[in-house]
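Here are my notes on this one, jotted down as numbered points. Have the structure open while you read.

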Amino acid sequence: MRRWLILVVLSLAPVAAGSAAAQTPPVAANGCLMCHGVNGQGANGIPAIMRVQSRADFTATMKLFAENKKPGTIMGRISRGYTDEDIAELSAWFAKP
Amino acid sequence: MTKHTPFSVSRRRALAGAAAIAVAGAPAILRAQATAGRLVIVGGGFGGASAARAARERFPAVAVTLIEPAASFTTCPYGNLLIAGRYSDTSPITFGYDKLIARGVAKVTDTAVEIDSAKKTVRTSGGQTIAYDRLIVSPGIDLKWNAIKGYDEAASAAMPHCWKPSLQPVTALTDKLKAMPDGGVFIMSAPPNPFRCPPGPYERASMVAEYFKKAKPKSKILILDSKDGFSKQPLFLAAWKQLYGDMIEWVSSNNEGRVVAVDPASMTVETEFGKKHKGDVINIIPPQQAAKIARDSGLTGGGDWAAIDTRSFESKAARDVFVIGDANAAPPMPKSGFVANNTAMRAVAVAGAQMTGGTPPKALYFNTCYSHVGDNYGISVVGIYRPNADGSKIDEAPNSGGISAREATADIRAGEATYADGWYRSITDYMFG
Ligand SMILES: Cc1cc2nc3c(=O)[nH]c(=O)nc-3n(C[C@H](O)[C@H](O)[C@H](O)COP(=O)(O)OP(=O)(O)OC[C@H]3O[C@@H](n4cnc5c(N)ncnc54)[C@H](O)[C@@H]3O)c2cc1C
């Protein structure tokens with residue numbers, strides 16, 4: 001588990017640097033925003049995801065959803081559609097810097 | 001380190017003031033600088049409004065013109081909820097273009113009648129000729145009149161479709177349902193694939209049932225289908241039994257469900273092998289095709305839907321033209337508002353990169369369709385998609401997406417109904433907020 005986390009953190013570093021100034025969300029985020037709100041602020045019980053979790057926690061949450069280890073109505077079905085690279089980009093966009 | 005001295009507070013205020021001035025001045029500056037290219041969009045619905053916003057935000061140097069004849073847009077999504085009596089009129093599902101205009105979108109309130117892809121111009125019915133560098137076409141659908149014998153626009157007054165709000169508002173159906181006596185029969189004819197909103201007819205039948213259960217409990221619902229299966233079928237069938245007993249009967253195509261003719265005078269519909277059904281309220285959802293402007297301008301190549309490159313949504317028939325939303329053929333993605341919105345982002349990313357000299361990012365498409373089945377009872381279907389290497393098809397991401405769990409607690413169904421409202425708020429906020 002810890003080794004996996006370190007790998008994730010390392011793989012995130014270049015993405016984070018590259019997107020710091022980007023105005024346009026990564027492609028993978030386009031769908032997220034139409035539920036979680038245009039700025040990831042949440043909507044009608046759909047939780048806020050913008051700057052809520054650390055990168056490591058965000059990535060871990062997406063993985064837990066994908067493995068059906070975190071209960072939910074829809075995020076399991078959603079998170080399984082994204083590659084590790086997509087999740088890294090999502091984390092760089094949504095998670096705390 | 002974060003000591004709040006009076007100095008730091010006033011300094012922060014001064015900075016905020018400077019930022020506010022910069023923002024207030026921005027639209028004029030942006031418009032003056034919008035010289036990287038001209039993006040013209042035909043249709044201000046789910047695809048077109050989403051494209052307009054995305055283009056303004058993501059390519060501020062591109063000039064955006066939106067051609068749309070209506071002054072406001074009433075969504076199809078959430079229209080079915082009026083039928084259940086959850087809203088009393090269409091005002092909660094109707095939006096204006098003022099915010100898009102404030103974002104710097106030039107709205108031309110007119111109908112596009114001709115696309116000249118050689119000269120790269122669009123002509124409107126009011127006689128304007130609008131030049132483009134890139135064109136995004138998202139005009140939605142037209143109904144195929146007389147595909148069902150006798151079902152033309154005149155017949156739709158007696159037997160509403162309510163599948164295209166600009167043509168017929170959903171209140172045409174609610175009015176008839178309200179006037180129907182208890183113990184009446186509601187008949188719906190559901191269309192063959194592909195059509196706008198695959199779960200839509202079944203959500204609508206559910207909302208009719210919710211209304212009947214409250215107001216006219218002796219009434220019946222008969223769905224005559226041109227298909228042998230439908231979106232989220234096991235979830236709908238189980239929920240109907242649980243919530244409405246045997247009020248709803250669904251008849252598949254191979255059980256003589258396909259409606260081939262209607263007679264508004266006697267309020268009857270006829271199925272494939274001559275069986276006639278009489279209804280008190282009849283909702284015909286006819287076969288569909290891309291809207292007229294897409295067909296007239298050659299984008300559909302004589303067929304029903306516009307062929308596109310699945311990597312970019314560029315038309316296969318015309319250069320520098322993109323077709324998004326219901327008007328294209330992009331299986332296995334459904335014709336949904338979410339897909340129209342999501343592929344709008346793709347078309348804008350590619351068109352914007354072409355005009356500004358950038359490289360578009362990778363392609364990835366997303367859909368969720370929520371359906372309301374009853375009070376505090378929602379279900380959903382999810383799909384995540386990628387185009388193949390040569391742009392000839394679209395593949396669903398393996399092991400992902402699909403429909404809500406077949407066995408679920410009441411809390412989960414209630415949660416999905418609540419989250420559906422969140423989705424509606426977020427997507428309409430993106431388009432018109
Ligand atoms: C009952 C029902 C429920 C639905 N529920 C959902 C749902 O819950 N979720 C979901 O994702 N989708 C849902 N949909 C589907 C969704 O409404 C459509 O997929 C979506 O509207 C398609 O977007 P579009 O941009 O292609 O067309 P539209 O949204 O129809 O927009 C087309 C626009 O183009 C304009 N136009 C047409 N011709 C011209 C022209 N020549 N010149 C200028 N403008 C023109 C029209 O006036 C219109 O404003 C539902 C549909 C129905 C019928």
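1. Let's start with a loop residue: N376(B) sits in the loop between β20 and β21 of chain B. Its backbone is worth a look, since N376(B) has a positive phi of about 55° without being a glycine. Most residues other than glycine have a negative phi, and most peptide bonds are trans. Bear in mind that this is a predicted model.

2. On the peptide-bond side, there are two cis bonds to check in chain B. One runs from N193(B) to P194(B), with omega near -10°, and P194(B) belongs to the loop between β11 (185-190) and α7 (200-215) of chain B. The other links P331(B) to P332(B), with omega at about 5°. P332(B) falls in the loop between β19 (321-323) and α10 of chain B.

3. Next, a helix pair. Two packed helices are described by the angle between their axes and the distance between the axes. Here, α2 (residues 46-58) and α10 (residues 337-356), both of chain B, pack at about 35° with their axes 8 Å apart. The crossing of α2(B) and α10(B) is right-handed.

4. Who touches whom in that pair? From α2(B) come F46(B), G47(B), S50(B), A51(B), A54(B), A55(B) and R58(B), and they meet G337(B), A340(B), N341(B), A344(B), M345(B) and V348(B) of α10(B). Sorted by class, that contact of α2(B) with α10(B) has 8 nonpolar, 4 polar and 1 charged residues.

5. Now the interface between the chains. Chain B puts 37 residues into the contact and chain A puts in 28. About 2,600 Å² is buried between chain B and chain A, and carbon and sulfur atoms give 60% of that area. If you want three residues to click on, try R58(B), K362(B) and Y419(B): they supply 22% of the area that chain B buries against chain A, more than any other three residues.

6. How many polar pairs link the two chains? Between chain B and chain A, 14 residue pairs are in polar contact, counting pairs with both residues at pLDDT 80 or more. On the chain B side, α2, α10, β20 (365-374), β21 (377-387), β23 (402-403) and α11 (410-432) each supply at least two of the residues that touch chain A. The biggest giver is α11(B), with 12 residues. By class, the side of chain B that touches chain A divides into 17 nonpolar, 12 polar and 8 charged residues.

7. Finally, the charges. Side chains of opposite charge can pair when their charged atoms come close. Salt bridges come to 27 over all chains, and 5 are found across the interface of chain B and chain A. D86(A) is one to zoom in on: D86(A) forms a salt bridge with R386(B), the closest N and O atoms being 2.9 Å apart. D86(A) also meets K362(B) in a salt bridge, at 2.7 Å from N to O. D86(A) lies in helix α5 (residues 84-94) of chain A and K362(B) in the loop between α10 and β20 of chain B, so this pair joins two chains.

How values were computed
Residues are numbered from 1 along each chain as its sequence is written. Chains are lettered from A and ligands numbered from 1 in the order in which they are written. This is a predicted model: local features need pLDDT of at least 70, side-chain atom pairs count only at pLDDT 80 or more; totals for chains, interfaces and linings use all residues. Side-chain values use heavy atoms; hydrogens and water are left out. Axes are lines fitted to C-alpha atoms, for helices over the stretch in contact, and angles run from 0 to 180 degrees between N-to-C directions. Helices (H or I, at least four residues) and strands (E, at least two) are DSSP runs, numbered from the N terminus. A crossing is left-handed if the near helix is turned anticlockwise from the far one by less than a right angle, and right-handed if clockwise. Contact means heavy atoms within 4.5 Å. Ala, Val, Leu, Ile, Met, Phe, Trp, Tyr, Cys and Pro count as nonpolar, Asp, Glu, Lys and Arg as charged, and the others, Gly among them, as polar. Buried area is the accessible area (1.4 Å probe) that two parts lose on being put together, summed over both. A salt bridge is a side-chain nitrogen of Lys or Arg within 4 Å of a carboxyl oxygen of Asp or Glu. A polar contact is a pair of N or O atoms within 3.5 Å; within protein, one must be able to donate a hydrogen and the other to accept it, and residues adjacent in sequence count only if both atoms are side-chain atoms.
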